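Q: Please take a close look at one part of this structure for me. I would like to follow its charged side chains and then see what surrounds them.

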Amino acid sequence: MMMALIDNAVYVAGRRTEDPASLDETFEVMQSRGGMAWIGLYRPSPDEIRAIAEEFSLHPLAVEDALTGHQRSKLERYGDTLFVVLRPARYMDEIEEVEFGELHLFIGLDFVVTIRHAESPNLAKVRRRLEATPELLAMGPEAVLYAILDEVVDEYGPVIAGLENDIDEIEDQLFVGDEGVSRRIYDLSREVIDFQRASQPLVGMLEALLRGSEKYQVDLELQRYLRDVLDHALRIVERAGAFRSILENALTVQANLVGQRQNDEMRRMTELNLTQNEEIKKISSWAAILFAPTLVGTVYV
């Protein structure tokens, strides 16, 4: 159990007051002293997830999704608890590919449970940021959700930059006759589509959080922070959509260039055949001229 427990703390008024050594100890502290628990897990076992689900009365459908994994980005509310699935991403420079992760969040009235299945996002960075601003952390579990959403969107930035650089390289490859460019366009298009699937739902999720902010009494300042994340998410989604259009156009251009090169080759072959035909005609004419006297001489011998 301890292997999956990355960080575990109880906060009161935005300040870290307890560092329980186990989940059982966390549950005991919550029952006896109150506060907000923030439990960070990395690839937990099914038993760990079930223990948390039982302690915090998590909805069976949300627990089933957390146990199954491989979920799409989404936000679902079960009573007073939010279940959030995020698809963080990071650009791998060495292989020029995008790596996608999966993060599950349970956000309750007095607890946050994060279940991370990949290296990204950097939740230790999120925790340090919030602990350095206790006035923000004092706003409760919604503040943790905001900070995690903000980190996920921020980590999309280098992905956008990496994809943009790859697209620039493809534009250079298009006009030098690189035979591998079609495959690269296709592979990059798949990555952009996967990135859209990961990032696009965030817009609707953030809009839903803002719509429900009054009903669930979300702090006004926190609403402003969420709108800021929404603005960044919209820009990310717009860039990804533009990338997809560029790649679709690049594939069309490549097809036209291949067709043009094939036409040029056919024209060259036709011209070569015509030249060869002319040469053959010349040779045939000289052969006829040379053959005629030989034939006459042969008849009169």
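A: What follows is a walk through the salt bridges, then the charged patch, the strands and two contacts across the chain.

The model is predicted. Keep that in mind throughout.

Start with a general idea. Side chains of opposite charge can pair when their charged atoms come close. How many salt bridges does the structure hold? The count is 19.

Take R33 and E18. These two form a salt bridge, and their closest N and O atoms are 2.2 Å apart. This pair links distant parts of the chain. R33 sits in helix α1, while E18 sits in strand β2, residues 15-18. The two are 15 residues apart. How covered is each partner? R33 counts as exposed, because its relative accessibility is 56% and the cut-off for exposed is over 50%. E18 has a relative accessible area of 22%, so it is partly exposed.

Now compare a local pair. D47 forms a salt bridge with R50. Here the closest N and O atoms are 3.5 Å apart. Both residues belong to helix α2. They are 3 residues apart, so about one helical turn separates them. D47 is exposed, because its relative accessible area is 57%. R50 counts as partly exposed, because its relative accessibility is 43%.

A third pair is E151 with K125. Their side chains meet in a salt bridge at 3.8 Å, N to O. Again, the pair links distant parts of the chain. E151 lies in helix α6, residues 141-174. K125 lies in helix α4, residues 123-132. The separation along the chain is 26 residues. Is E151 buried or exposed? E151 is buried, because its relative accessible area is 7% and buried means under 20%. K125 is partly exposed, with a relative accessible area of 44%.

Salt bridges can also share partners. In this model, shared partners join D7, R16, D19, R127 and E131 into one network.

Next, look at charges on the surface. Which residues form the negative surface patch? They are D24, E25, E28, E54 and E55. Two elements give two or more residues to the patch: α1 (23-33) and α2 (46-56). The largest share comes from α1, with 3 residues. So helix α1 turns up twice in this tour, because R33 lies in α1 and α1 also supplies residues to the patch. Look at one member, E55. It lies in helix α2. E55 is partly exposed, because its relative accessible area is 31%.

Now turn to the strands. Strand β3 covers residues 36-42. Of its 7 residues, 6 are buried, so the strand is largely enclosed by the rest of the structure. What does β3 pair with? One partner is strand β1, residues 5-12. These two run antiparallel, joined by 6 bridges. Within this pairing, V10 stands opposite A37 in β3. Another partner is strand β9, residues 111-116. Here the sense is parallel, over 6 bridges. The bridge partner of L41 in β9 is I115.

Further along, find a hairpin. Strand β6 (residues 89-92) and strand β7 (residues 97-100) run antiparallel, and 4 bridges join them. Y91 has V98 in β7 as its bridge partner. Between the strands of this hairpin there are 4 residues. E96 takes a positive phi near 50° in the hairpin.

Finish with two contacts across the chain. The first uses R16, a member of the salt-bridge network. The C-alpha atoms of R16 and P134 are separated by 9.0 Å, yet the two residues are 118 residues apart along the chain. P134 lies in helix α5, residues 134-137. P134 is buried, because its relative accessible area is 12%.

The other contact is between S245 and S189. They are 56 residues apart in sequence and 9.4 Å apart in space, C-alpha to C-alpha. S245 has its place in helix α8, residues 220-300. With a relative accessible area of 37%, S245 is partly exposed.

Note on methods:
Residues numbered from 1 in each chain as written. Predicted model: local features only at pLDDT ≥ 70, side-chain atom pairs only at ≥ 80, totals over all residues. Heavy atoms only, no water. Patch = residues over 30% accessible without salt bridge, like charges linked within 9 Å, V, L, I, M, F, W, Y side chains within 5 Å. Areas by Shrake-Rupley, 256 points an atom, 1.4 Å probe, with all protein chains shown as cover. Salt bridge = Lys/Arg side-chain N within 4 Å of Asp/Glu carboxyl O. Lys, Arg positive; Asp, Glu negative; His and termini not counted. Charge placed at Lys NZ, Arg CZ, Asp CG, Glu CD. Buried < 20%, exposed > 50% of the residue type's maximum accessible area, 1.4 Å probe, protein only. Pairing = 2+ DSSP bridges.
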